[in-house]
Amino acid sequence: MQAVSNLLTPFGVNGNAISDTLKLVVLGGTVETARRASMSAWNGFVDSFFLTATFSQEDYPYDWLMHWLSKQPAWGRSREFEITTRSAGKMTLNSNTAGEIEDEEFPDDESLVHGRRKRKVTFMPSMNTTHTIYYRGHWLRITRTQRYQHYHCNELKISVIARNNTVLKKLVLEAKRTYEKDAEHRVHIFIADA
């Protein structure tokens, strides 16, 4: 630092000001580096307790879990939500869900409106918001996101505080059974993807 101070003295710059500025830069850089390292270590420590599973909309487990979640009472009481007439999943199962709105005048009316059946309105938790529900003694953090590559694709991330993935396995199997049970007496039509 003395060398820098000696070089700048002929130009009318006070060497003490440069020295003090360099001390502040070094001290500030050290403090910021320590802060970032400690935050990274803390986040790594906290994340070591969570197991996270990611489900893509392109695969069947996403549909199973969206259908299972739509039947959960906590899903219907979400504070941030989207309103849709689409059912959860590709196969559009239309069984009653926890977040569904019925027409109060005619709750079982299956009449046609403008030549089409009435559509049921469903509450779905919004994208990019983390929701927390309780499942078999564990808190689940559920986040729906959209991923853009060549096209947009929804993802569902489920995190749980656990040391092994048994809870997530049970959740997926229960979601699959619920989905298959509700699809039991329906006609399925498969079409080729373009």
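How many salt bridges does a search of the whole structure find? The count is 6. Before I walk you through some of them, a quick reminder that this is a predicted model.

Okay, salt bridges. Side chains of opposite charge can pair when their charged atoms come close. Let's start in helix H2, which covers residues 15-47. Glu-32 and Arg-36 make a salt bridge there, at 2.8 Å from N to O. Why can these two be about one helical turn apart? Because they sit 4 residues apart in H2. As for the surroundings, Glu-32 is partly exposed, with a relative accessible area of 28%, and Arg-36 is exposed at 55%. There's a third member here as well: Glu-32, Arg-35 and Arg-36 are linked in a network of salt bridges.

Now one that reaches across the chain. Asp-182 and Lys-71 meet through their side chains in a salt bridge, 3.4 Å from N to O. This pair links distant parts of the chain, 111 residues apart. Asp-182 belongs to helix H5, residues 166-182, while Lys-71 is in the loop between helix H3 (60-70) and helix H4 (73-76). Is Asp-182 buried or exposed? At 19% relative accessibility it counts as buried, and the cut-off for that is under 20%. Its partner Lys-71 counts as partly exposed, at 28%.

H5 has another one for us. Glu-174 forms a salt bridge with Arg-136, and their closest N and O atoms are 3.4 Å apart. Again the pair links distant parts of the chain, with the two positions 38 residues apart: Glu-174 in H5, and Arg-136 in the loop between strand S7 (130-135) and strand S8 (138-148). Glu-174 is partly exposed, with a relative accessible area of 23%, whereas Arg-136 is exposed at 54%.

Hang on to Arg-136, since that loop takes us to the strands. S7 and S8 form a hairpin with 2 residues between them, and Arg-136, in the turn, has a positive phi of about 45°. The two strands run antiparallel and are joined by 6 bridges. If you want a spot to look at on screen, find Thr-132, which stands opposite Arg-141 in S8.

On to the next hairpin. S8 and S9 also run antiparallel, with 9 bridges joining them, and this hairpin has 3 residues between its strands. Which residue of S9 is the bridge partner of Gln-146? That would be Asn-154, and S9 itself spans residues 152-161. The side chains of Asn-154 and Gln-146 also make a polar contact, at 3.3 Å. Asn-154 is buried, with a relative accessible area of 10%. Leaving out its neighbours within four places in sequence, its contacts include Phe-55, Ser-56, Gln-57, Tyr-62 and Met-127. So if you're looking at Asn-154, it counts as buried because its 10% falls under the 20% cut-off.

Let's go inside. The largest nonpolar core has 22 residues. Those with the most contacts inside it are Phe-55, Leu-65, Leu-140, Leu-156, Ile-158 and Leu-171. Which elements give two or more residues to this core? They are S1, H3, S7, S8, S9 and H5. Take Leu-156 and set aside residues up to four places away in sequence: among the residues it touches are Ala-53, Phe-55, Tyr-62, Leu-65, Met-66, Leu-69 and Ile-142.

H3 deserves its own moment. This helix is mostly covered, with 10 of its 11 residues buried. The buried ones include Tyr-62, Trp-64, Leu-65, Trp-68 and Leu-69, and Asp-63 and His-67 are on that list too.

Last stop is Phe-49, in the loop between H2 and strand S1 (50-56). Phe-49 is partly exposed, with a relative accessible area of 32%. Phe-49 and Ile-161 are 112 residues apart along the chain, and their C-alpha atoms are separated by 5.5 Å. Not counting residues up to four places away in sequence, Phe-49 touches Val-160, Ile-161, Ala-162 and Arg-163.

That's my tour, thanks for listening.

Methods:
Residues numbered from 1 in each chain as written. Predicted model: local features only at pLDDT ≥ 70, side-chain atom pairs only at ≥ 80, totals over all residues. Heavy atoms only, no water. Buried < 20%, exposed > 50% of the residue type's maximum accessible area, 1.4 Å probe, protein only. Polar contact = N/O pair within 3.5 Å; in protein donor to acceptor, adjacent residues only side chain to side chain. Contact = heavy atoms within 4.5 Å. Salt bridge = Lys/Arg side-chain N within 4 Å of Asp/Glu carboxyl O. Core = buried A, V, L, I, M, F, W, Y, C linked by side-chain atoms within 4.5 Å. Pairing = 2+ DSSP bridges.
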